[in-house]
Amino acid sequence: MDRLLFGAAYYDEYMPTDRIETDVRMMQDAGINVVRIAESTWSTLEPQPGVFDFTHVDRALDAFEAADIAVIVGTPTYAVPSWLTASYPDVLATTRHGEGRYGARQIMDITHPAYLFHAERVIRELMAHTAHRRGVIGFQIDNETKYHDTAGRGVQRAFVKHLRQEFGDDLAALNRAFGLDYWSNRIDAWEDVPDIRGTINGSLGAAFDRFRRGLVEEFLGWQAGIVREYARADQWVTQNFDFDWTPGWSYGLQPAVDHFKAARTVDLAGVDIYHPTQSELTGKEIAFGGDMTRSIKGGANYLVLETQAQGQIGWLPYPGQLRLQAYSHLASGADGVMYWHWHSLHHSFETYWKGLLSHDLGPNPTYREAGVFGRELAALGERFGHLRKQNRAAIMVSNEALTALQWFSIETGFIDGVFGSSIGYNDVLRWVYDALFDLNVEVDFVAADDADLGRYDLLVAPVLYSAPQSTVNALRDYVAGGGHLVTTFRSVVADEHVEVWHDRAPHGLVETLGLSYDQFTRPRDVGLTLHGDLAGAVPAADARHFMELLVPEGAEVLACYDHDAYRDYAAITRHRAGSGTALHLGTMTSPELVQAVLALAVREAGIGDWAQELAGTVTVRRGRNAAGNPVTYLLNYSAAPVTLVSPVPGRSVLAQDAPVAVGDELTIGAWDLVVIEGD
């Protein structure tokens, strides 16, 4: 990527009047240099089968090329036209809720032959019409792609073929691996594999979800292959990956896509990141999404293809926040920030998911603040952008563990809701990630099958419930070789088929962690007594949601349970094994205590520095720019100004290159930042 991108999704198709020249002029005034088009408008591009109308695409390309505003063209396959489902009703995905109904987006079976035929035709027509255009710099394939819970007959038939291949046509091996004798679920003929939507077997259900994640990889690879037949050598292919949205915004690992595998299909990773603002703006969702997206392509820079401008009604940013958010994306390694979307829509479902422009389509405070950032980016972007990072800490993530914990939830051991509600995988993932963020410890993410864990000094592996023996061995070898590992409750409980290991827990890590356990429960009014390096770390501590009754076997006890029934058991331990250390959290605790535990792990790993001293004052994000110079972001996510002494020397990029020496006093305004470029 030669230049940093700043822009928005643009829909000439949705405009109430012909105003593209006005929009182009307003974009130029705001420093916008890129737009994304076409990804949502299949029915406009192809109003009837085989009848194509590129009027709006041509208008956009002509106008933006003339203004030297780059264009990303999206394949319009995530929202199908009504004529397609009228002709082929079974294109609508059959899900666990039954037959589909037309109306929303992402309601199709991405494997259906009729869908694929018509999707290929519109992709090829669009590529032939746009790929040669000078202003087109790249292509987005589909949009926030997932498997859309498709579970119809064709998908299930393909799943049976997949199982036959995986188990070498050996039904006995399948029954044994999945424990199908339970409740007479045994399968003795491949033709008798039941409708997976009704299964009560977590192993079979998890295997089906893993298979469907593979369908996403195949689908994206198929689209990317078609697009590359038309793309020039200087054009790239991307996809806007997204996240779990349980609380109503970008939150955690996406259950329906293995991002590490799916990212292999594209040249440049893209991402959609949405989050609360106003008094709830913390920067954590921006950092989490950026760290994940950077990691799935081996540390490469990425594009934020969608983030909010005004967003939902409760997300209207306070003055300064839009600019701070944009810089926060760059601080995580983004090479571009694009809003969804340019103008607020006047019809339909997302009428009040507001864009840069409000419904009157005129300038407003959010648009004007975007212009401040756009102009700074145009003038100085090469100084603070294109950041590359060399983090020394990582968090291991696993779609397989996430899926398994949907079947065997943390607090009940059953599917969430059957015997009450439970926290989930992503809640624990964010518990540890947020604590490291608050400590100003930047991290990468690694997959559970990562082959080079030794490049990190500190590895955190939360709730790794389901993992193959190879991953267990890798964790053990990591510690023996000098690594510093942090594990949590509900880790290495089951194998890759979600069969619970039948030896002493934690499987394969008893000697590494220096402990064992054979019982666990949900804490009720259970306190924690802190010992050793944790003594006095927080005024009061308690166990939350889940607790393992840990029996130390050489491990140092850092916390034990303060309860008459459990006082003989450890809750948090540390053990030295080989050349490394292993710290285990047997229960969930307060954010303050997990932060203290991870601060201890950071010191043990030798990766602590001045950034932790600024924790609670400003957020620190660092990297090197394209010139190789160190760049330090000091971000103030608060409504009050903060004053601190500079931890690094250099030039304050956003303050006319004012020189900064170590120890100089810096005042950072509310919802503001300082960027220091060193030599």
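Hi everyone, let's begin with one pair of strands: E5, residues 236-241, and E6, residues 268-273, sit together in the parallel sense, joined over four bridges. If you want one spot to look for on screen, take Gln 239, whose bridge partner in E6 is Ala 269. Please keep in mind that this is a predicted model.

Now let's widen the view. Where do E5 and E6 belong? They are part of a closed barrel of eight strands, which runs E1-E2-E3-E4-E5-E6-E7-E8 with parallel pairing. From one strand to the next, the twist averages 30 degrees. On the barrel strands you can also find helix H3, residues 55-66, lying across E2 (34-37), E3 (70-74) and E4 (136-140). Helix H3 runs at about 170 degrees to E2.

Next comes the other sheet. This one is open, and its eight strands follow the order E10-E9-E11-E12-E20-E19-E18-E15, with mixed pairing. Strands E10 (444-447) and E15 (527-530) are at the edges with a single partner strand each, so one side of each has no neighbour in the sheet. Direction ignored, neighbouring strands here are turned by 20 degrees against each other on average.

Let's look at the E10 edge. E10 pairs with E9, residues 393-397, in the parallel sense over four bridges, and Val 397 has Ala 447 in E10 as its bridge partner.

Finally, the helices on this sheet. H14, residues 425-438, packs on it, touching E9, E10, E11 (458-461), E12 (484-488) and E20 (580-585). The direction of H14 makes about 175 degrees with that of E9. H15, residues 469-480, also packs on the sheet, touching E9, E11, E12, E19 (570-577) and E20. For H15, the direction makes about 135 degrees with that of E12. Thanks for listening!

Methods:
Residues are numbered from 1 along each chain as its sequence is written. This is a predicted model: local features need pLDDT of at least 70, side-chain atom pairs count only at pLDDT 80 or more; totals for chains, interfaces and linings use all residues. Side-chain values use heavy atoms; hydrogens and water are left out. Two strands pair if DSSP finds at least two bridges between them. Helices (H or I, at least four residues) and strands (E, at least two) are DSSP runs, numbered from the N terminus. Axes are lines fitted to C-alpha atoms, for helices over the stretch in contact, and angles run from 0 to 180 degrees between N-to-C directions. Contact means heavy atoms within 4.5 Å.
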